[in-house]
Amino acid sequence: MTELLQRPPKKDPQKRTVLPTSPPSARSRKAIAFSTAAAEGRLALQICAECDHVIYPARELCPKCWSMDLQWQDIPDGGELITETTLRTSANTYFRERMPWRIGTVRLDAGPMVLAHIHGDVGEYERVTMIARTDKSGQGVLMALPEKETANMADDKQLRALTCDPRHRRVLVTDGRTQLGQCTVNALANAGASKIFVGIARAWRPYDGSAELAAVSGVEIMPLDITDTISVNELAAEIGGKTDILINTAEHVRPGSAMQRHGILTARDEMETNYFGLMRLIQAFGPGMRGRGADGDNSACAWVNLLSVYALSNWSVFGTTTASQAAAYSLSQCLRGEFAGSGVKVVNVLFGPLEDSWRQPLPPPKVTPKRLADAIVHALRQGIENVTLGPVAEDIVRRFRDDPFVLERELMQAQQGQAV
Amino acid sequence: MSKKKSGALAALATAMSSGDVETVDLTHTLDSDFPVIVLPPEFGQCAPFRAEVVSRYDERGPGWYWQNISMCEHTGTHFDAPIHWISGKDLPNASVDAIPAGAFVRPVCVIDCSKECAENEDFLLTPEFIQAWEKEHGQIPAGDWVLLRSDWSKRSGAAYLNMREDGAHSPGPSADAVKFLVEERDILGFGTETVGTDAGQAAHLSPPYPAHHLFHGAGKYGLQCLRNLDQLPPTGAILVCPPLKIKNGSGSPLRVLALVERGIA
């Protein structure tokens with residue numbers, strides 16, 4: 001069993017904050033696909049299309065038959081720990097600061113022998129479950145977990161370095177007025193977040209669920225309107241130094257295409273929340289979080305963006321909203337670049353139509369706010385950076401991977417009344 | 001030009017320097033969190049006040065501080081021109097840039113309904129209430145501004161709009177009171193402390209929004225989100241309320257002042 005992680009003590013104000021350092025991040029271009037799968041929580045290796053050989057580490061050609069036709073595929077996650085050792089010193093600053101550290105060799109059921117981080121509850125020669133995740137450098141790594149759940153398993157130091165577990169962490173939910181915001185708050189409270197700051201814009205307007213929201217354990221209601229630079233900056237001045245996870249639940253959604261709009265004000269409102277709102281949050285909270293990526297057990301660890309899957313390709317039924325979400329998606333990629341090396345993950349959840357008033361006439365299947373909230377907390381606990389949620393989103397992402405230009409044409413035809 | 005030391009303005013200047021005439025500020029601060037009117041979400045919305053710093057003695061401008069500001073014409077303490085409402089759309093000189101400047105400096109009557117509004121948040125000003133006020137303070141002169149004092153400006157947060165599931169609850173004039181002020185008194189304009197000149201539930205009056213519909217239809221002006229009306233005398237003060245000169249503007253945020261003679265408040 002793993003020792004239960006206790007709530008971190010108050011920070012010693014006389015000590016300098018530990019700055020983030022990174023484990024080795026160099027990877028070949030071929031190996032990027034491994035990290036990309038790991039960011040989705042998938043374990044994928046190259047498989048030779050000619051001889052079915054499973055290849056590790058990533059290579060240009062098959063070491064068995066020299067074929068260049070290597071395909072990335074998800075592989076079974078079982079394996080056996082062959083050897084293990086505990087490092088007690090290292091030339092790498094990141095590991096030096098975190099000694100001792102277990103590593104070992106695992107024989108995967110799929111074939112290859114791999115070098116992996118080893119969970120503290122795994123014994124030698126035991127069966128293991130392998131996970132691929134991105135580490136603090138942003139690159140994909142392998143970790144061997146006990147095959148069966150052990151007590152306090154998520155609290156393992158090495159595993160917690162790969163995840164963004166909300167337990168004992170302080171979270172900002174930027175908009176608590178909506179069902180989505182309130183479901184997210186409940187999911188975080190159940191996950192053991194020590195403090196949940198909940199942004200409420202225009203407190204002079206009443207909203208459904210306000211009494212229940214204020215009663216949730218750990219909740220502190222804060223004035224926050226992400227369309228107002230002053231409001232965002234004032235809140236960051238207050239809690240920016242203790243925001244470990246930021247979840248941007250604010251969105252402005254209106255049906256309509258560009259020519260269905262009369263004037264630009266609705267489109268501007270969409271941009272004010274979906275794009276400039278994110279921009280304001282990044283400018284106000286980003287630097288503090290980036291500097292606190294190694295700040296103890298409740299370090300800053302994750303920034304969560306919730307984006308319509310149509311950010312990938314415009315859907316003209318919600319044409320101008322979609323355009324603003326595409327802008328937000330692009331900005332989230334910019335943020336990933338800026339957070340690189342800080343140990344703070346940018347989690348993007350691409351979701352299909354949400355079950356809410358602005359998407360009320362859309363046909364099912366839709367994603368309920370609770371399901372989206374649960375998916376956020378699941379991604380944080382698992383350390384997953386890219387989430388696709390709901391059948392519509394899964395379908396769009398699959399087609400986007402196949403060919404984004406074909407997808408664009410398909411969505412255009414859908415607008416013309418033809419089935420997609 | 002000869003220096004004239006007697007006359008009305010000279011007397012005013014003397015009274016202002018001596019402190020016999022004081023200036024009262026009837027304006028709320030333009031603050032991004034000050035309530036604006038809320039319409040059903042499928043309608044266009046009134047933009048709140050926003051400020052973005054252009055530079056503040058920094059790399060964007062090392063020696064100076066300035067902001068870009070944005071808002072609706074009807075945000076904060078603001079002026080309504082007749083063109084704001086469909087009933088006034090075809091009147092001459094009905095936009096803020098075309099209104100004769102004399103309208104912006106005029107005597108003002110203040111009808112104190114604060115006690116009634118404290119007891120009834122949906123209080124409606126009636127012709128009878130106005131006539132009772134006139135018995136005490138004299139008939140409202142044609143061409144005066146009339147302000148409804150409700151002390152609503154002393155409310156803050158959610159209590160100001162007082163929004164519930166059936167809409168906002170705040171005082172205002174009844175349709176009959178508006179007709180009386182237009183037809184019987186020919187006032188210049190009407191002002192309130194609430195977010196609009198109409199009552200919170202005025203959508204359910206006949207006609208809906210009588211202050212907007214009837215005042216503006218008759219070429220009268222509006223002022224709303226006023227404050228400090230408790231510092232004004234019932235009669236005898238001068239209202240100063242020039243809106244921004246926005247081309248074809250339907251209204252404008254503005255600084256509203258009142259000149260008050262000490263001792264009569």
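**Figure 1. Parallel pairing of β14 and β15 in chain A of the predicted model.** Strand β14 (residues 345–351) and strand β15 (residues 386–389) of chain A run in the parallel sense and are joined over four bridges. Within this pair, A:Val349 has A:Val387 of β15(A) as its bridge partner. Helix α10 (residues 369–382) of chain A completes the view: together with β14(A) and β15(A), helix α10 makes a β-α-β unit, and the unit is left-handed.

**Figure 2. The open three-stranded sheet of chain A.** The strand order is β2-β1-β3, with antiparallel pairing. Strands β2 (54–55) and β3 (70–74) of chain A stand at the edges; each has a single partner strand, so one side of each is left without a neighbour in the sheet. Strand β1 (residues 44–48) of chain A pairs with β3(A) over five bridges in the antiparallel sense. In this pairing, A:Cys48 stands opposite A:Leu70 of β3(A). The loop between β2 and β3 of chain A contains A:Pro57. The peptide bond leading from A:Tyr56 into A:Pro57 is cis, with omega near -10°.

**Figure 3. Two domains of chain A and their contact.** The domain assignment of chain A gives domain 1 as residues 32–160 and domain 2 as residues 170–415. Taken over C-alpha atoms, the centres of the two domains are 31 Å apart. Nine residues of domain 1 of chain A are in contact with ten residues of domain 2 of chain A. On the domain 1 side of this contact there are two nonpolar, four polar and three charged residues.

**Figure 4. Overall framework of chain A.** Chain A contains twelve helices and 15 strands. Its C-alpha atoms fill a box of roughly 65 × 60 × 30 Å along the principal axes. For 420 residues, a compact globule would have a radius of gyration near 22 Å, and the value of 22 Å for chain A agrees. Buried residues account for 44% of the 420 residues in chain A. Of the contacts in chain A between residues at least 6 apart in sequence, 67% join residues at least 24 apart.

**Figure 5. Contact between chain A and chain B.** Nine residues of chain A are in contact with twelve residues of chain B. Helix α6 (residues 229–239) of chain A supplies three residues, the largest share of the chain A side. By class, the chain A side divides into five nonpolar, two polar and two charged residues.

**Figure 6. Overall framework of chain B.** Chain B has six helices and 15 strands. The radius of gyration of chain B is 19 Å, close to the 18 Å that the globule rule gives for 265 residues, so chain B is as compact as a globular protein of that length. The C-alpha atoms of chain B fill a box of roughly 60 × 60 × 40 Å along the principal axes. Buried residues make up 40% of the 265 residues of chain B. Among contacts in chain B between residues at least 6 apart in sequence, 73% join residues at least 24 apart.

**Figure 7. Surroundings of B:Thr77.** B:Thr77 is found in the loop between β3 (61–70) and β4 (78–80) of chain B. With 24 C-beta neighbours inside 10 Å, B:Thr77 counts as buried, the cut-off being 20 or more. Beyond its neighbours within four places in sequence, B:Thr77 is in contact with B:Thr27, B:His28, B:Cys225, B:Leu226, B:Pro253, B:Leu254 and B:Val256. The C-alpha atoms of B:Thr77 and B:Gly172 are separated by 16 Å, and the two residues lie 95 residues apart along the chain.

**Figure 8. Backbone features in loops of chain B.** Most residues other than glycine have a negative phi, and most peptide bonds are trans. B:Cys225, in the loop between β12 (221–224) and β13 (237–240) of chain B, has a positive phi of about 60°. B:Cys225 is buried, with 27 other C-beta atoms within 10 Å. B:Asn248 also has a positive phi, near 55°, and lies in the loop between β13 and β14 (251–253) of chain B. B:Asn248 is exposed, with 11 other C-beta atoms within 10 Å. The peptide bond from B:Ser206 to B:Pro207 is cis, with omega near -5°. B:Pro207 is found in the loop between β11 (189–192) and α6 (210–217) of chain B.

Definitions and conventions
Residues numbered from 1 in each chain as written. Chains lettered and ligands numbered in written order. Predicted model: local features only at pLDDT ≥ 70, side-chain atom pairs only at ≥ 80, totals over all residues. Helix = DSSP H or I, 4+ residues; strand = E, 2+ residues; numbered from the N terminus. Rg over C-alpha atoms; globule rule 2.2 N^0.38 Å. Buried ≥ 20, exposed ≤ 12 C-beta atoms within 10 Å, placed from the backbone. Contact = placed C-beta atoms within 7 Å. Domains from an automatic or database assignment. Nonpolar A, V, L, I, M, F, W, Y, C, P; charged D, E, K, R; others polar. Pairing = 2+ DSSP bridges. Right-handed = clockwise from strand over helix to strand, strands pointing away.
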